2 protein chains.
Amino acid sequence: MKPSPSHADVPLQLWVVLARAFDAVERHSRASIARFGLGTTEFGVLEVLYHKGELPVCEVQRRILVESSSTTYVVDKLVKRGLVRRRHSGTDRRVVLLTLTSAGRRLIQRIFPPHAHAMRRAVTALPPREQAQAVRLLRTLGLGAAERLEGNEGG
Amino acid sequence: MKPSPSHADVPLQLWVVLARAFDAVERHSRASIARFGLGTTEFGVLEVLYHKGELPVCEVQRRILVESSSTTYVVDKLVKRGLVRRRHSGTDRRVVLLTLTSAGRRLIQRIFPPHAHAMRRAVTALPPREQAQAVRLLRTLGLGAAERLEGNEGG
DNA sequence: GTCAAGTATCTCGATTTCGAGACATTTGTG
DNA sequence: CACAAATGTCTCGAAATCGAGATACTTGAC
């Protein structure tokens, strides 16, 4: 889950601190979401549908960063709880579109603001200026790593 | 798994890009480690014992970022594969100390260098200067978030 | 010494996640 | 049109992870 602590190997240090920072911030997220009786991926689905409107399953999958079989599993649970509805796309019959039910919308409307508040608090160790700097660096890092991944999975 | 894309809410953006960057880099790690028939947490245990020597289970747990019950599970597997040995501490009989067997040592010696190489490549989207900057920012972010977590889990 | 509280490890059951691949559909090529 | 390749979704079984709590030991207060 996390690599080596060399004394001057900055790339490996970067990987270590990235993993640790993600872990710590994600614990805030988990704890915040757990208050509302949801898991992080369930929350992720509701949240993306709330902010983006109706989306195909594959699009939701990309945004919540889990594999397709897990996405099916999570969506199943949300459908059973009456928070999300599936419908077939008219233009591409492979595609299943997801939307919030009104109950789902009411739920996410209620819980998103306190969750966002918790996440803002989770990252306050960094002052605004450095947050913006970190956003830039992490965006570059993430996009670069993702690009290097396609068709080149072996490293 | 990942939050909201607001237009000027830098803290939430930071959480989004942190999650994405971690995910992308971790995929490199997973893929690299999978070449050698190991999972990421198994690799983590071998790696920390390789670099730190004999350690108590609880110390290993802190470093591989999983819960204690998962640590037991992973160590069990490594012991069954003859890569790691358990022994009781002489000074504190609650403690179980872990060491690499010679087979474990040979394995991690062989696979660590190519894995480190893969991880260095995974983060090359950032030039050295910005890597060092990112290390500083992420360290502050992670330590701050971890601190805010203790005894304050609700957000 | 004794007892409560804290710490380290492990057990167990349940949940989450993955990976491989099945299936239907669409897209691109001739 | 026909057919190969790509894409989107889902099924299934296996693996990883967690959470609660059991157990054993240590520490600190008295």
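Start where chain B meets chain A: four salt bridges cross this interface, a salt bridge being a side-chain nitrogen of Lys or Arg within 4 Å of a carboxyl oxygen of Asp or Glu. This is a predicted model, where local features need pLDDT of at least 70, side-chain atom pairs count only at pLDDT 80 or more, and totals for chains, interfaces and linings use all residues. Residues are numbered from 1 along each chain as its sequence is written, chains are lettered from A and ligands numbered from 1 in the order in which they are written, and side-chain values use heavy atoms, with hydrogens and water left out.

Now select D9(B) and R120(A). Their side chains form a salt bridge, 2.9 Å from N to O.

Next, colour everything in contact (heavy atoms within 4.5 Å). You should get 71 residues from chain B and 71 residues from chain A.

Over to the sheet in chain B. Strands here are DSSP E runs of at least two residues, and helices are H or I runs of at least four, numbered from the N terminus. Two strands pair if DSSP finds at least two bridges between them. The open sheet has three strands in the order β1-β3-β2, paired antiparallel. Select β1 (55-56) and β2 (84-88) of chain B: each has a single partner strand, so one side of each has no neighbour in the sheet. Zoom in on L55(B), and you'll find L98(B) of β3(B) opposite.

Which strands does α2(B) touch as it packs on the sheet? The answer is β1, β2 and β3 of chain B.

How values were computed: Axes are lines fitted to C-alpha atoms, for helices over the stretch in contact, and angles run from 0 to 180 degrees between N-to-C directions.
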